[in-house]
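Biologist: Could you take me through the pockets in this one, with a close look at the second largest? I'd like to know what lines it.

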Amino acid sequence: LLFVIELSISSLTIGVPQQVLASISAILETLPAPDRTQIGFLTYESTHLTYYKCKDSTRDVQEIVVAEIDEECVPLSSSEMFLNVSSEISNIRMITEKLSKRIENFLFENPQAKAGMPMGAAFANAIASIKPNLGRALVFVTQPPTVGFAKIQKRKDESILAGTDKEKTLFIPQIDEYSKLGKTCSISGIF
């Protein structure tokens, strides 16, 4: 399982990251097949993606920041990124605690946080991270991808077309990157 979590003012205001982390902590002990379940974390902000790793040798959570949001860039191997629920549950808890503290301070540290989210880059990197081992990506998003890879533009005529016969044109994809990513997921066994 790879948890991909948006860290933005809008997501924090409505409590999405906080609830995701609280839910992960609450279900860790009850996950089926903990010896075969691996968990990883990836967060994204307006200008970068952050991977998290925590191995027994260091007992410290390391953040690997990736500023490349225009194309795929996975800085960690699967063995570094994913933690086994059965044997590394304390490390998973350390990451969720560090993320919770980071979220508490986010608005204070980023009062002028930029608008726009690289959700496309986060999703593409999530797929690339999971692809070698199969698995699931749980992507938590509150706004459309407007920067980086697979960004989409706000349509200027959106309010004019709403409620008319031409409203259906608003549902035609602007780009085909998400169809390609979906096909990659299907072929690679990523859900």
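Modeller: Quick bit of vocabulary before we dig in: a pocket here is an open set of grid points where a 1.4 Å probe fits, with protein on both sides within 12 Å along at least five of seven lines. Bear in mind that this is a predicted model. By that definition, the second largest pocket holds about 220 Å³ of space. Its lining draws on Leu-1 and Leu-2, then Thr-37 and Gln-38, then Phe-82, and finally a group made up of Ser-129, Ile-130, Asn-133, Leu-134, Gly-135 and Arg-136. Sorted by character, that lining comes out as five nonpolar, five polar and one charged.

For context, the largest pocket has a volume of about 290 Å³. It is lined by 14 residues, and the closest to its centre are Pro-144, Ile-152, Gln-153, Arg-155 and Gln-174. Its lining splits into seven nonpolar, four polar and three charged.

Back to the second pocket, whose lining includes Leu-2 and Gln-38. Strand S1 covers residues 2-6 and strand S2 covers residues 38-44, and an aromatic pair links the two: Phe-3 sits in S1 and Phe-41 in S2, 38 residues apart. The structure holds one aromatic pair, and this is it: Phe-3 and Phe-41 are stacked, 5.9 Å centre to centre with 25° between the planes. With a relative accessible area of 5%, Phe-3 is buried, and Phe-41 is buried too, at 1%.

Notes:
Residues numbered from 1 in each chain as written. Predicted model: local features only at pLDDT ≥ 70, side-chain atom pairs only at ≥ 80, totals over all residues. Heavy atoms only, no water. 1 Å grid on protein atoms, 1.4 Å probe; cavity = no way out; pocket = protein on both sides within 12 Å on 5 of 7 lines; lining within 4 Å. Points joined across faces, edges and corners; volume = space filled by probe spheres on them. Nonpolar A, V, L, I, M, F, W, Y, C, P; charged D, E, K, R; others polar. Phe/Tyr/Trp six-rings, centres within 6.5 Å; stacked < 30°, edge-to-face > 60°. Helix = DSSP H or I, 4+ residues; strand = E, 2+ residues; numbered from the N terminus. Buried < 20%, exposed > 50% of the residue type's maximum accessible area, 1.4 Å probe, protein only.
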